[in-house]
Amino acid sequence: MSTIQLELPFDTLLSSLQQLNAEELTELAQHAAWLCAQRRAPSLTQAETGLLLKINQGIVPPATQRRCAELTKKQRAGGLSDQEQAELMTLVDEIELLNARRLGYLVELANIRQISVDELMASRQLKPFTYG
């Protein structure tokens, strides 16, 4: 792969990000998180780096978050159809599976670093997912 260096004003870079779709933004966010992890702690072990990548991949996709929030709001208002209720339960199951995997990786990384999961999350500025 060739390396290209570009100098762009930060505002231009941010404006160009608006052209990306949700999947591309998610992929970009994962790469950016990986770069931040490398720069904050360039002496990460291979195991820590792998766990951080898995932790960041466990983030719920934006489209899933939005749909879950929409259905949850509608449910609270009492207007969900049976089909929408089934969709909401499927989304909640998917989110809980992603969160459970992510929590497992967080526990593993916290054990490596000999700190609590809360301390790890605070140090990495990680937040738990809420259902909206």
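Which helix gives the largest share of the lining of the second largest pocket? In this predicted model, that share comes from helix α1 (residues 10–17), which supplies 3 residues. The second largest pocket has a volume of about 220 Å³, and its lining consists of Leu-8, Leu-13, Ser-16, Leu-17 and Leu-28. Sorted by class, 4 of these lining residues are nonpolar and 1 is polar, with no charged residues.

The largest pocket encloses about 380 Å³ of space. Its lining comprises 19 residues, and those nearest the pocket centre are Ala-29, Ala-33, Asn-56, Ile-59 and Leu-126. Helices α2 (22–40), α3 and α4 (62–76) each contribute at least two residues to the lining of the largest pocket. The greatest contribution is that of α2, with 8 residues. The class composition of this lining is 11 nonpolar, 5 polar and 3 charged residues. Charged residues are thus found in the lining of the largest pocket, whereas the lining of the second largest pocket has none.

The largest nonpolar core is made up of 11 residues: Ala-37, Leu-44, Leu-51, Leu-52, Ile-55, Leu-106, Leu-109, Ala-110, Leu-120, Met-121 and Leu-126. Two or more residues of this core come from each of the elements α3 (46–57), α5 (82–113) and α6 (117–123). A separate, second core has 8 residues, among them Val-60, Leu-71, Leu-88 and Ile-95. In soluble globular proteins, nonpolar side chains tend to be buried together. Leu-126 belongs to the largest core and is also one of the residues nearest the centre of the largest pocket. Met-121, another member of the largest core, is in contact with Leu-106, Leu-126, Lys-127 and Pro-128 when neighbours within four places in sequence are set aside. Of these partners, Leu-106 and Leu-126 are listed in the largest core.

The whole structure contains 4 salt bridges. One of them joins Arg-113 to Glu-48, with the closest N and O atoms 3.0 Å apart. Arg-113 is located in helix α5 and Glu-48 in helix α3, so this pair ties together parts separated by 65 residues in sequence. Glu-48 is buried, with a relative accessible area of 10%, whereas Arg-113 is partly exposed at 24% relative accessibility.

A salt bridge is also formed between the side chains of Glu-84 and Lys-74, at 2.7 Å from N to O. This pair links distant parts of the chain, with Glu-84 in helix α5 and Lys-74 in helix α4, 10 residues apart. Glu-84 has a relative accessible area of 15% and is buried. Lys-74, at 34% relative accessibility, counts as partly exposed. Salt bridges with shared partners join Arg-67, Glu-70 and Glu-87 into one network.

Within that network, Arg-67 forms a salt bridge with Glu-70, and the closest N and O atoms are 3.1 Å apart. Both residues lie in helix α4, with a spacing of 3 residues, about one turn of the helix. The relative accessibility of Arg-67 is 26%, so this residue counts as partly exposed. Glu-70 is likewise partly exposed, at 46% relative accessibility.

Backbone geometry is notable at two glutamines. Gln-114 has a positive phi of about 60 degrees, although this residue is not a glycine. Gln-114 is located in the loop between α5 and α6. Its relative accessible area is 72%, so Gln-114 is exposed. A positive phi, near 55 degrees, is likewise found at Gln-125, again a residue other than glycine. Gln-125 lies in the segment after α6 and is exposed, with a relative accessible area of 60%.

Definitions and conventions: Residues numbered from 1 in each chain as written. Predicted model: local features only at pLDDT ≥ 70, side-chain atom pairs only at ≥ 80, totals over all residues. Heavy atoms only, no water. Core = buried A, V, L, I, M, F, W, Y, C linked by side-chain atoms within 4.5 Å. Buried < 20%, exposed > 50% of the residue type's maximum accessible area, 1.4 Å probe, protein only. Helix = DSSP H or I, 4+ residues; strand = E, 2+ residues; numbered from the N terminus. Contact = heavy atoms within 4.5 Å. 1 Å grid on protein atoms, 1.4 Å probe; cavity = no way out; pocket = protein on both sides within 12 Å on 5 of 7 lines; lining within 4 Å. Points joined across faces, edges and corners; volume = space filled by probe spheres on them. Nonpolar A, V, L, I, M, F, W, Y, C, P; charged D, E, K, R; others polar.
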